[in-house]
Amino acid sequence: MHNLKEIRKNYENFKKALQKRFIDIDFDELANLDKNNRELIQKKENLEKEKKDISKSKDKSLFEKSKQISLSIDKITEEQNTIKDKLEKILSNIPNIPHSDVPVGKDENDNVEVSKSGKIPEFDFKPLSHYELGEKLKMLDFDLATKTTGSRFVFVKNKLALLERALSNFMLDTHITKNGYEEISPPLFASDNTMFGTGQLPKFENDQFEIKLEKGSDRKFLIPTAEVILTNMVKDKIVDKKTLPLRFVASTPCFRKEAGSYGKDTKGMIRQHQFYKVELVSIVENTKCLEELERMTNCATDILDLLELPYRKMILCSGDMGFSAEKTYDIEVWLPSENRYREISSCSSCSTFQGVRMKSRYKDENKETLFVGTLNGSGLAVGRTLIAILENYQEKDGSINIPKVLRPYMNNLEKITLN
RNA sequence: GGAGAGAUGGCUGAGCGGUUGAAAGCACCGGUCUUGAAAACCGGCAAAGGGGCAACUCUUUCCUGGGUUCGAAUCCCAGUCUCUCCGCCA
């Protein structure tokens, strides 16, 4: 969310910066509401002052007047609240401003490749897709999941289940011991205002799984990513500047409706309603966002380097970035069966956008209260990493070699074979 | 599911109708002392919003929403959340 005070200072710049997003916002409405709002606030405050003075004076002859003032205040407050609600509604639906580094573009076709790494494997046979491999091994069972649950779920069995667990642990260990992240095992439910804090609500409610609870209680949602719950650890807080940067890592299931992606990636486990992801979150001073973004992205690619998987790093264009992001790098891993790169990690700086929504602040040297910067990134999406290993490490007979760094996590298993 | 207790500043915690935005302690910042550090002592220290180039100033805020009152952190009602005990349970 944007700070109205900042917008007001440089209204035209704000407008221009957001045009990069290609979205439709009624800026004039916003400016008008803001103006009306402030006028009403002034009116109200004057009356409040008058009333306060009467009360302080304890002059009985003025008590009746004070009552009248109260009525006027009520009326103005009501009017002001209506305007304030409208204002906040508009404001909470405006996405973050793209950083100047971000290329302008409409959609994913305008994303720009930053670098490439690793060696694309060559096969002297036609490489199979992960789901063909998994089903051949009898270790991925989509039909069973359909029977017990529905579409876009999967049973991962046997050695592939072990591989999945190994990946999670390997990533966690790397981020904890090498990259300085603190491990968190968080709740997988988030309240509605937590969802608001990171930007999933109000605009993207349709993408979320809401939990059905007794009526009267707060709304709760299954987390679509650990970003939500980890970032909100500093919600409504003034954090001690000395503790910054805070770096958290968690491996959690993520739940997504994938509304609007009907018919997309229906085969296999690329796009599921539930998947494991190791998530990185940083809470930083507002000036350190971009620096931290580079660091975080390196933490993510580090995992791919260690797993010896080929990948490329993309910078997302303005039109393809998420709602809360000011700058995003996507890491895409090579998938032989598709003969192309697919997203396996997305690292974003959200500047103070989420900080404002969450009311997360810190004090700087001259005791000014500032909003924190927040970043999040996958380090990595475990399900998709599993896919990448299946496809890149496959042999002609359908067996899968285990990357060296994972073997200690798998009882030194070197290869997954049928039986 | 049954019975109680509570929700106050970064934290702990007093206040229970009128300069209380809120005692005290801790933490934090500045200073004195010290070779340095610690201790001790002195001083400072809430947030949000409005107005002002600024110095500054005004308003709001003691869980949330209503109510009583000239005036509410303090009284009344409703709700949410937390904790303790009993029962049940991974």
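**Exercise 1.** Which are the buried residues of α12?

*Solution.* Start with the ground rules: this is a predicted model, where local features need pLDDT of at least 70, side-chain atom pairs count only at pLDDT 80 or more, and totals for chains, interfaces and linings use all residues. Residues are numbered from 1 along each chain as its sequence is written, chains are lettered from A and ligands numbered from 1 in the order in which they are written, and side-chain values use heavy atoms, leaving out hydrogens and water.

Next, find helix α12 at residues 382-392; helices are DSSP runs of H or I with at least four residues, strands are runs of E with at least two, and both are numbered from the N terminus. Buried means under 20% relative accessible area, exposed over 50%, and partly exposed in between (1.4 Å probe, protein chains only). Now read off the buried set: Val382, Gly383, Arg384, Thr385, Leu386, Ile387, Ala388, Ile389, Leu390, Glu391 and Asn392. That is 11 of the 11 residues of α12.

**Exercise 2.** Find the salt bridge between lysine 313 and glutamate 294, and place both partners.

*Solution.* A salt bridge needs a side-chain nitrogen of Lys or Arg within 4 Å of a carboxyl oxygen of Asp or Glu. Here, the N to O distance is 3.8 Å. The pair links distant parts of the chain, 19 residues apart: lysine 313 sits in strand β11 (residues 311-315) and glutamate 294 in helix α10 (residues 289-307). Finally, check cover: lysine 313 is buried at 11% relative accessible area, whereas glutamate 294 is partly exposed at 30%.
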